[in-house]
Amino acid sequence: MDAGAVKLGDICDVYAVNENETRLKRMGVGELAQNKTLFFRAVDIARLLKRDDITFLGAPSCIVSCREKPQKSVLRLCKAGFAFLLLFAGGMTTIMSYHTDVDMLEMTSMMSLILTGSADSGDALSVVYAVGIAAGVLFFGNLLPSKKQSPTIFQTEQYELESQTQEYLKHEQEGLR
Amino acid sequence: MTAGAAAAFFIAFAAGMAVSAATVVIISVLGIVPHLATITGTKRLLNGYAYTLCAGVVFGALLSLIQPKLSIAWLGNALFFVFQALSGVFTGFFLSALAEVLDIFPAIYGALRLKRVGALLIIALAAGKCVGTLIFQLTPYFQ
């Protein structure tokens, strides 16, 4: 969320029977500064409300972080361009190093000699091999367009990375208390 | 097309699929793409990065097998310079991610009780890799 006052309604859903629900939701629980995070535990909220008849459901703690200011478009473009170039060159490096390591040219000539009788396989076989690589990356990375909305292998990795970061931040905040 | 040629094409295609499966798994397990998207603050472009990586792998495979002789003078030199620089960054990224996945840093911190100077250790490691690469590339001992 943006920097400023954090209300109870911002960090949890509230359902009240004997209390005014709207008043509870608007109750301030902290002040969020720019580029900072706030850590809330269920027990902090109970202490703030001074009530012992509260039932907590869900996660026992949460972190509220300040929304990052949107980057300037030129800077974002430069960063994205760098990332694209890096991954393109990185992909090339990875596969070329592998081919050098296993002497792929020799292997291709040998396979061609066995199957066709000529060691000179021409470029067509290399193109078919490269097409196989493209198909494999798209298939195993779940990058092929399909009607089913399933995440790609990189999206699940991104989710895991974010979950781990959140867990670490919670752990760090709990350690400070 | 003879049966042998057809079989060669089929095997080449299957080999490509198998190699790319391993490539995708390694790069995915190391979390290179999500880390890069997080560092640059461009998480929305995650799928674009994945396609770019795929294009890079295919292009690299074609170049290393066909090995075309592109005599494009100064432009070739410039491209080679940029490619080498980017390859270096990617290799550093790759090795750091590998060290992280293998839990090398926590093992060092635990063994030496040096958690507070963790950042310095990583800088020392990066400097060591840099010096090692220069010795490997510039001295005659490894030629």
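Buried means under 20% relative accessible area, exposed over 50%, and partly exposed in between, with a 1.4 Å probe and protein chains only. By that scale D103(A) is partly exposed, at a relative accessible area of 43%. D103(A) sits in the loop between α4 (73-102) and α5 (104-116) of chain A, and has a positive phi of about 50 degrees although it is not a glycine.

Some bookkeeping before I go on. This is a predicted model, in which local features need pLDDT of at least 70, side-chain atom pairs count only at pLDDT 80 or more, and totals for chains, interfaces and linings use all residues. Residues are numbered from 1 along each chain as its sequence is written, chains are lettered from A and ligands numbered from 1 in the order in which they are written, and side-chain values use heavy atoms, with hydrogens and water left out.

On confidence: the predictor gives the complex an ipTM of 0.79 and a pTM of 0.76. The pLDDT is the predictor's confidence in each residue, from 0 to 100. Chain B averages 85, and 99% of its residues score at least 70. Among the elements of chain B, helix α3 (residues 46-66) has the highest mean pLDDT, 90, and helix α5 (residues 104-112) the lowest, 75.

Now chain A. Helices (H or I, at least four residues) and strands (E, at least two) are DSSP runs, numbered from the N terminus. Chain A has seven helices and four strands, and the order from the N terminus is β-α-α-β-β-α-β-α-α-α-α. Its radius of gyration is 28 Å, well over the 16 Å that the globule rule gives for 177 residues, so chain A is more spread out than a compact globule. That radius is taken over C-alpha atoms, and the rule is 2.2 Å times the number of residues to the power 0.38. Along the principal axes, the C-alpha atoms of chain A fill a box of roughly 90 × 35 × 35 Å. Of the 177 residues, 29% count as buried.

One residue at the start of chain A: A3(A) lies in the segment before β1 (4-7). A3(A) is partly exposed, with a relative accessible area of 39%. Which residues does A3(A) touch, leaving aside its neighbours within four places in sequence? They are L32(A), A33(A), Q34(A) and C66(A), where contact means heavy atoms within 4.5 Å. The C-alpha atoms of A3(A) and R41(A) are separated by 20 Å, with their positions 38 residues apart along the chain.

Chain B next. It has six helices and zero strands. Chain B has a radius of gyration of 20 Å, where a compact globule of 143 residues would have one near 15 Å. The box for its C-alpha atoms is roughly 65 × 35 × 35 Å along the principal axes, and 30% of the 143 residues count as buried.

Two places in chain B deserve a mention. Helix α2 (residues 32-40) of chain B has as its buried residues I32(B), V33(B), P34(B), L36(B), A37(B) and T40(B). Just after α2(B), G41(B) takes a positive phi of about 65 degrees. The other place is Q67(B), in the loop between α3 and α4 (73-101) of chain B. Q67(B) has a positive phi of about 50 degrees although it is not a glycine, and counts as partly exposed at 42% relative accessibility.
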